[in-house]
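New to this one? Have a look at the fold first, and then we'll walk through what holds our attention inside it.

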Amino acid sequence: GSSSGRPAAAAAAAKPAPPPVPSDARGLVKALQKATASGGRDPKTARICMVRIYKEKMDDILADEPLLRELAGVISAAVKMEGQDPKVVDTLKRLKEELKKGRAKR
């Protein structure tokens, strides 16, 4: 058996794996849009996308004006959406602030 003495592994096995999200900036923006759009509301995926964008893709997005605009649009629409997860809305607002700061630096 593969009992490496990590109880976390057993706990992780019980929970479904986190949803797979794209690794490229554009894919993450699209996935975030889908996760926050009215039909496919998926706060878990939304949060993973936002964290990925924040930690790994800020520079890519700030360097790509159309993509930056697209992300800003996704954020605005998601924040206004009725019934959106409040935690997601908070994170979206923080992400928007970071984008503004990032743009100001350029």
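Leaving aside its neighbours within four places in sequence, which residues is L32 in contact with? They are A46, C49, M50, I53, L71, V74 and L92. Keep in mind that this is a predicted model.

Stepping back, the protein has five helices and zero strands, so reading from the N terminus you simply get α-α-α-α-α. Here are some whole-protein values:

| What | Value |
|---|---|
| Buried share of the 106 residues | 30% |
| Exposed area | about 6,800 Å² |
| Carbon and sulfur share of that area | 55% |

As for how the chain comes together, take the contacts between residues at least 6 apart in sequence: 71% of them join residues at least 24 apart.

Now for the core. The largest nonpolar core has 24 residues, and L32, I53, I61, L71 and L99 are the ones that touch the most other members. Helices α2, α3, α4 and α5 each give two or more residues to this core, with α3 giving the most, seven residues.

Let's zoom in on α2, residues 25-36. Its buried residues are A25, G27, L28, V29, A31, L32, A35 and T36. What covers them includes α3 (43-62), α4 (65-80) and α5 (86-105). The helix also passes a quick length check: at 1.5 Å a residue, its twelve residues should span 16 Å, and the end C-alpha atoms are 17 Å apart, which agrees.

Note on methods: Residues numbered from 1 in each chain as written. Predicted model: local features only at pLDDT ≥ 70, side-chain atom pairs only at ≥ 80, totals over all residues. Heavy atoms only, no water. Helix = DSSP H or I, 4+ residues; strand = E, 2+ residues; numbered from the N terminus. Expected span 1.5 Å × (residues − 1). Buried < 20%, exposed > 50% of the residue type's maximum accessible area, 1.4 Å probe, protein only. Contact = heavy atoms within 4.5 Å. Areas by Shrake-Rupley, 256 points an atom, 1.4 Å probe, with all protein chains shown as cover. Core = buried A, V, L, I, M, F, W, Y, C linked by side-chain atoms within 4.5 Å.
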